[in-house]
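Visitor: I'd like to learn how to read a model like this one. Could you walk me through it?

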Amino acid sequence: MNGNWGHVAAGVLMVVVGAVLYFVFHDVETPVVGLRQVGVVVGVIGVLELLAVAWRARAGARASRR
């Protein structure tokens, strides 16, 4: 598996896990933080990972054209 595809898979997995935590465990509270808030954080990190992969792929394609 190419390195970029591994990062894409990790980003998608984090977004899916974040959505599951947000929508399924919305009433579950732990002593420190609610699982709904954890879902938001994990989902945002997943989106940032996908954006970083897209940015690197675009920069790599631009560099190879020169």
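**Reading the helices and their surfaces**

Guide: Buried residues make up 12% of the 66 residues in the protein, where buried means under 20% relative accessible area, exposed means over 50%, and partly exposed is in between (1.4 Å probe, protein chains only). This is a predicted model, in which local features need pLDDT of at least 70, side-chain atom pairs count only at pLDDT 80 or more, and totals for chains, interfaces and linings use all residues. Residues are numbered from 1 along each chain as its sequence is written, and side-chain values use heavy atoms, with hydrogens and water left out.

Visitor: How many helices and strands are there in the protein?

Guide: Helices (H or I, at least four residues) and strands (E, at least two) are DSSP runs, numbered from the N terminus. Here you get two helices and zero strands. Helix α1 covers residues 3-24, and helix α2 covers residues 35-65.

Visitor: What share of the contacts join residues at least 24 apart?

Guide: A contact means heavy atoms within 4.5 Å. Taking contacts between residues at least 6 apart in sequence, 61% join residues at least 24 apart.

Visitor: Let's try one residue. Is Gly18 buried or exposed?

Guide: Gly18, in helix α1, has 3% relative accessibility, so Gly18 counts as buried. Leaving out residues up to four places away in sequence, Gly18 touches Gly39, Val42 and Gly43. Gly18 and Gly46 are 28 residues apart in sequence, and their C-alpha atoms are 8.2 Å apart in space.

Visitor: Which other C-alpha distances could I look at?

Guide: Try Leu13, also found in helix α1. The C-alpha atoms of Leu13 and Gly46 are separated by 7.4 Å, with their positions 33 residues apart along the chain. Leu13 counts as exposed because its relative accessibility is 54%. Then take Ala54 in helix α2: its C-alpha is 9.0 Å from that of Asn4, and the two are 50 residues apart along the chain. Ala54 comes out as partly exposed, at 46% relative accessibility.

Visitor: And what about the loop?

Guide: Gly34 sits in the loop between α1 and α2. Gly34 is buried, with a relative accessible area of 3%. Not counting residues up to four places away in sequence, Gly34 touches Val28 and Glu29. Gly34 and Leu21 are 13 residues apart along the chain, and their C-alpha atoms are separated by 9.6 Å.

Visitor: How do I describe a pair of aromatic rings?

Guide: You use the distance of the centres and the angle of the planes. Rings of Phe, Tyr and Trp (its six-membered ring) pair if their centres lie within 6.5 Å; planes under 30 degrees apart count as stacked, over 60 as edge-to-face and the rest as tilted. By this rule the count is one aromatic pair. The ring centres of Tyr22 and Phe23 are 5.0 Å apart and the planes are at 90°, so this pair is edge-to-face. Tyr22 is partly exposed at 27% relative accessible area, whereas Phe23 is exposed at 59%.

Visitor: Which residue lies over the face of Tyr22?

Guide: A charge sits over a ring if NZ of Lys or CZ of Arg is within 6 Å of the ring centre and within 35 degrees of the ring normal. In this model Arg36 lies over the face of Tyr22, at 4.1 Å from the ring centre.

Visitor: Last one: how much area does the protein expose?

Guide: Accessible areas come from the Shrake-Rupley method with a 1.4 Å probe; for residues, only the protein chains shown count as cover. The protein exposes about 5000 Å², and carbon and sulfur atoms supply 71% of it.
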